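Could you take me around this structure, one selection at a time? I have the viewer open and would like to know what to click on next.

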Amino acid sequence: MKIAILLCNIGTPDAPTTSAVRRYLKEFLSDPRVIELPPLLWQPILRVGILTTRPQKSAKLYQKIWTSEGSPLLSNTIQLANHLSKVLTTKTADEIIVRTAMRYGNPNIKTVLAELQADKIDRLLVLPLFPQYSATTTAACFDATVSALRKWRHLPALTFINDYASHQAYISAISDSIREYWQTHGQKFLLFSFHGIPQRYIDAGDPYATACHTTATLVAQQLKLKESAWTLAFQSRLGPTKWLLPYTDKVLAALPGQGIKELQVVCPGFAVDCLETLEEIAIRGREQFLGAGGKTLEYIPALNASSYQVTMLSEILLSALKTAVIHTTTTF
């Protein structure tokens, strides 16, 4: 069989420029999965307010973390896909194609799926690289996937993985990565920082917050951390409304006053490093912590294309493929 695996990430601007960031933000912030407000109310705010000021500011932040390979989020995701392809090819007799797609920006889901359609794939497995399910991320990838597939005459067998927040392979991968970091840098107080979403989304039924707490708790247990050795917070809030608490920047400002002068931060919700980890945490977060009286803040990198991530995702994907094959066989 010809099997395609689509690794979906949130997206990135094509370049660290104001115009490129504006295009990206317009697409991203126009998705009703991301901003749950009536378009007639939200679009004037977006177009007249946010898109006239934020792109220039965000472009300067992107410039701090941009590399010779381009966007870290895109290059890291592509590298991960390449490593996964090599590993999966050796573990199955089927032809495996692993591709990368972005929900917003390029390469977009619609374009990549059109290329896979031309390859005449028999089976499609979609893995959004968001361990903790949220309608703002995972469901947004589902929407784009289904929208593209709706125009296919011959649909492939479809498997969609919507969550792996508590999967043992994932918990072990995060834990092993932290242990490896400790071997070189020593162990310090650990902050788990996850991307935030508005509290009203949780109140409406989004399970994201529970999944984040589950991941952090399971990792802390596997690392045998005492409750006094770690905490959890949520970053990247936008606008004046209440988001998931506590806020990472507020925690960073408060910890030195609580006697915690040396800090390590890990962001398990980000499969690969990006603006939110490399700039918001490793640069701005460090400045906030040191400015509040802290001595050191160390950012523990995301799993990226490490052997921990490749092994973990291979296990999850192969299990999903096996289940799909059994289901198809018994159905027909």
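Here is a tour in a few stops, going from one sheet to the other and ending at some single residues. Keep in mind that this is a predicted model.

**Stop 1: the sheet with strand 1**

Start by selecting residues 2–12, which are strand 1. Of its 11 residues, 10 are buried, and the strand is mostly covered. Now add residues 95–105, strand 2, which runs parallel to strand 1 and is joined to it by 10 bridges. For two landmarks along this pairing, show Ala4 with its bridge partner Ile97, and Leu6 opposite Arg99. Strand 2 is itself largely enclosed by the rest of the structure, because 9 of its 11 residues are buried.

Next, select residues 123–128 to bring in strand 3, which pairs with strand 1 in the parallel sense over 6 bridges. Here Ile3 of strand 1 faces a partner in strand 3, Arg123.

Zoom out, and you can follow an open sheet of 4 strands in the order 2-1-3-4, with parallel pairing. Its edges are strand 2 and strand 4 (157–160), each of which pairs on one side only. From one strand to the next, the twist averages 20°. Helix 1 (residues 18–29) packs on this sheet, where it touches strand 1 and strand 2 and makes an angle of about 95° with the direction of strand 2. Colour residues 72–89 as well: this is helix 3, which lies across strand 1 and strand 2 and runs at about 165° to strand 2.

**Stop 2: the sheet with strand 5**

Move on to residues 189–195, strand 5, and residues 262–266, strand 7. These two strands run parallel and are joined by 4 bridges. Show Leu191 and you will find its bridge partner in strand 7, Val265.

Which order do the strands of this sheet follow? The order is 6-5-7-8 in an open sheet of 4 strands, again with parallel pairing. Strand 6 (230–235) and strand 8 (296–300) each have a single partner strand, so one side of each is left without a neighbour in the sheet. Neighbouring strands here are turned by 25° against each other on average, direction ignored.

Two helices are good to add to this view. Select residues 168–185 for helix 6, which lies across strand 5, strand 7 and strand 8 and runs at about 140° to strand 8. Then select residues 208–222 for helix 8, which lies across strand 5 and strand 6 and runs at about 150° to strand 6.

**Stop 3: Val266**

Stay with strand 7 and pick Val266. Is this residue buried or exposed? Val266 has a relative accessible area of 4%, under the 20% cut-off, and therefore counts as buried. Leaving aside neighbours within four places in sequence, its contacts are Ile178, Leu190, Leu191, Phe192, Ser193 and Ile300. Draw a distance from the C-alpha atom of Val266 to that of Ala302: the two residues are 36 residues apart along the chain, and the separation is 7.4 Å.

**Stop 4: Glu279**

Now go to the loop between helix 10 (275–278) and helix 11 (280–291), where you will find Glu279. Glu279 is buried, with a relative accessible area of 0%. Beyond its neighbours within four places in sequence, Glu279 is in contact with Leu61, Lys64, Ile65, Cys274, Arg284 and Gly285. A C-alpha distance worth drawing is the one to Gln63: it comes to 9.8 Å, with the two positions 216 residues apart along the chain.

**Stop 5: a patch on the surface**

For the last view, switch on the surface and select Leu37, Leu41 and Ile45. Together these residues form a nonpolar patch with about 240 Å² of accessible area. Ile45 is found in helix 2 (residues 39–65). With a relative accessibility of 41%, Ile45 counts as partly exposed.

Technical notes
Residues numbered from 1 in each chain as written. Predicted model: local features only at pLDDT ≥ 70, side-chain atom pairs only at ≥ 80, totals over all residues. Heavy atoms only, no water. Buried < 20%, exposed > 50% of the residue type's maximum accessible area, 1.4 Å probe, protein only. Pairing = 2+ DSSP bridges. Axes fitted to C-alpha atoms, helices over the stretch in contact; angles between N-to-C directions. Contact = heavy atoms within 4.5 Å. Patch = residues over 30% accessible without salt bridge, like charges linked within 9 Å, V, L, I, M, F, W, Y side chains within 5 Å. Areas by Shrake-Rupley, 256 points an atom, 1.4 Å probe, with all protein chains shown as cover. Salt bridge = Lys/Arg side-chain N within 4 Å of Asp/Glu carboxyl O.
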